[in-house]
Amino acid sequence: MCLAIPGRISSLHDAIGVPMAKVDFGGITRDACLAYVPEAQIGDYVLVHVGFAISRIDEEEATRTYQYLAEMDQLSELDDGEPYHGEPDPGTGDFVHEVP
Amino acid sequence: MKYLDEYRDQRVAGNLIEEIKRTITRPWVLMEVCGGQTHSIVKYGLDRLLPEQVELVHGPGCPVCVTSLETIDRAHAIARMPDVIFCSFGDMLRVPGTHGDLFKIKSEGGIVRVVYSPLDCLKIARANPDKQVVFFAIGFETTAPANAMSVWEARRHGITNFSVLVSHVLVPPAMRGILDSPNNRVQAFLGPGHVCAISGWTEYEPIVDRYRVPVVVTGFEPIDILQGVLLCVQQLEQGRAELENGYARAVQRKGNAAAREMIGRVFRVCDRAWRGLGVIPQSGYSLTGEFSAYDAESRFDVSRIHAVEPAVCMSGEILKGLMKPLDCPAFGRECNPENPLGATMVSAEGACAAYYSYGRHLVDAHSLAAGSR
């Protein structure tokens, strides 16, 4: 019920005094009310819930968090002070350690 | 799709699970508050990927599930009236009242319309000036600004053949109710990301302080949920109880100011009865006096309808995190999505319905593990 889907604003319009947008959800376009994210512009990503944009997605935060999570395995290995053993040695092609 | 696909990345999920395994040293009980999170957890089998020490219990955050039987009976009474067009979100159609559901009312000649947005009701009202258009305004804080806007716009445009049956619920009072329960097992919460996109997290800070319980604002994709679990486990293991935001791309501390302002114009906080949990003080919204003319309950005089919840169902215990769906002897037998006995089976986001939809009653943990080898 509290589902909100991220979509990209493709155009802006007005519906009897209410700011609206066409929002593209991976190929499907629907109208969304922009009254609660008046700062949103064409090209921005917004979270849409029951036809209302409730939040503008902060791209910088999204990139930063995602990169941190994606690199987590390398960071953990550094923390542990153990060599990464899932990849073959670039020189010999052998695994440095046996893969468990 | 951007902001969806990358949060379902298997490799990143694996990293997070490994980090959780590395961090955890003893058992912890975490509750995900929101029904959308429960649905994701069961759909992707996240609970089965986590180390055994992490127990996820499912919270009361499905507004369809917790709408009281009494309110549903009142809604159905209005929907049966002649010259009424009854509008609802689709999730509400199958929810049984004392005498059937909205599908049954439709089959018997009632006019029931599913709407995507509350603003669609105003279009229907304009196109049908000889009918009364009634919107079943349910939801948590996430949905309140949209529902409030429909009432605000109705007044602004002088649309008088429109009214709302309001059954709004609020998350923080339900969390306090769970923590106050003498049997409470919950040690940390995955906070409801989209509720917090509206309300922010300042209301949760006193809960963290008073109950010394970590709350991590969490999104809905598998990576979001695993990140929420990791942040909770780190706090618990380190003896910390803090409010953390694991959904920074969508949620800010003070939420959405414009949305909160609209809620404050149209709604006031009131006591609310929750299906399976009973009355929780100051746990819902109703219309302010200024908008009482749009209150369907008084317009159609249905407040005299009362209903008693059947005692057979254990959904109250499930909503408080004291039991799991598989603990209930009726689950998957006399209680199923076609014939739900209670709150948590009535909506797709209810814990019991999610377990049923993804076959948890057919496959137990051991056979699943054996099959994957």
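Visitor: How far apart do the C-alpha centres of domain 1 of chain B and domain 2 of chain B lie?
Guide: This is a predicted model, in which local features need pLDDT of at least 70, side-chain atom pairs count only at pLDDT 80 or more, and totals for chains, interfaces and linings use all residues. Residues are numbered from 1 along each chain as its sequence is written, while chains are lettered from A and ligands numbered from 1 in the order in which they are written. Chain B is divided into domain 1 (5-63 + 171-243) and domain 2 (65-169 + 255-299), with bounds that come from an automatic or database domain assignment. The C-alpha centres of these two domains of chain B lie apart by 30 Å.

Visitor: How many residues does each domain of chain B give to the contact between them?
Guide: Two residues are in contact if their C-beta atoms, placed from the backbone, lie within 7 Å. On that basis, domain 1 of chain B gives 16 residues, and domain 2 of chain B gives 19 residues.

Visitor: Which element supplies the largest share of the side of domain 1 of chain B that touches domain 2 of chain B?
Guide: Helices (H or I, at least four residues) and strands (E, at least two) are DSSP runs, numbered from the N terminus. Strand S2 (54-61), helix H9 (171-180) and H10 of chain B each supply at least two residues of this side of domain 1. The largest share is 6 residues, and it comes from H10(B).

Visitor: How do the residues of that side of domain 1 of chain B divide into nonpolar, polar and charged?
Guide: Here Ala, Val, Leu, Ile, Met, Phe, Trp, Tyr, Cys and Pro count as nonpolar, Asp, Glu, Lys and Arg as charged, and the others, Gly among them, as polar. Sorted this way, the side of domain 1 of chain B that touches domain 2 of chain B has 10 nonpolar, 6 polar and no charged residues.

Visitor: Let's turn to the two chains. Which helix of chain B gives the most to the side that touches chain A?
Guide: In this contact, 45 residues of chain B meet 32 residues of chain A. The elements of chain B that give two or more residues to this side include helix H1 (10-23), helix H8 (144-156) and helix H12 (222-237). By class, the side holds 25 nonpolar, 11 polar and 9 charged residues. With 6 residues, the element that gives the most is H1(B).

Visitor: In what order do the elements of chain A run from the N terminus on?
Guide: The secondary structure of chain A comes to 2 helices and 5 strands. From the N terminus on, these elements run β-β-β-β-β-α-α.

Visitor: How many bridges pair S1(A) and S2(A)?
Guide: Strands pair if DSSP finds at least two bridges between them. S1(A) and S2(A) form a hairpin with 2 residues between the strands, where Ile16(A) takes a positive phi near 45°. Ser11(A) stands opposite Lys22(A) in S2(A). The two strands pair in the antiparallel sense, and the number of bridges is 7.

Visitor: What is the bridge partner of Ala21(A) in S3(A)?
Guide: Strand S2 (residues 18-25) and strand S3 (residues 28-33) of chain A run antiparallel and are joined by 6 bridges. Their hairpin has 2 residues between the strands, and Gly26(A) takes a positive phi near 55° there. In S3(A), the partner of Ala21(A) is Ala32(A).

Visitor: And what is the bridge partner of Ile5(A) in S4(A)?
Guide: Strand S1 (residues 5-15) and strand S4 (residues 45-49) of chain A run antiparallel, with 4 bridges joining them. In S4(A), Ile5(A) has as its partner Val48(A).

Visitor: Which residues have the most contacts inside the largest nonpolar core?
Guide: A nonpolar core is a set of buried Ala, Val, Leu, Ile, Met, Phe, Trp, Tyr and Cys residues joined through C-beta atoms within 7 Å. The largest one has 148 residues, and those with the most contacts inside it are Val46(A), Ala53(A) and Val229(B).

Visitor: Where does this core lie with respect to domain 1 and domain 2 of chain B?
Guide: H12(B) gives the core its largest share, 9 residues. Both domain 1 and domain 2 of chain B give residues to this core, so it lies between them.

Visitor: Is Arg212(B) buried or exposed?
Guide: A residue is buried if 20 or more other C-beta atoms, placed from the backbone, lie within 10 Å of its own, exposed if 12 or fewer, and partly exposed in between. Arg212(B) lies in the loop between helix H11 (205-211) and strand S8 (215-218) of chain B, and it has a positive phi of about 50° although it is not a glycine. With 12 other C-beta atoms within 10 Å, Arg212(B) is exposed.
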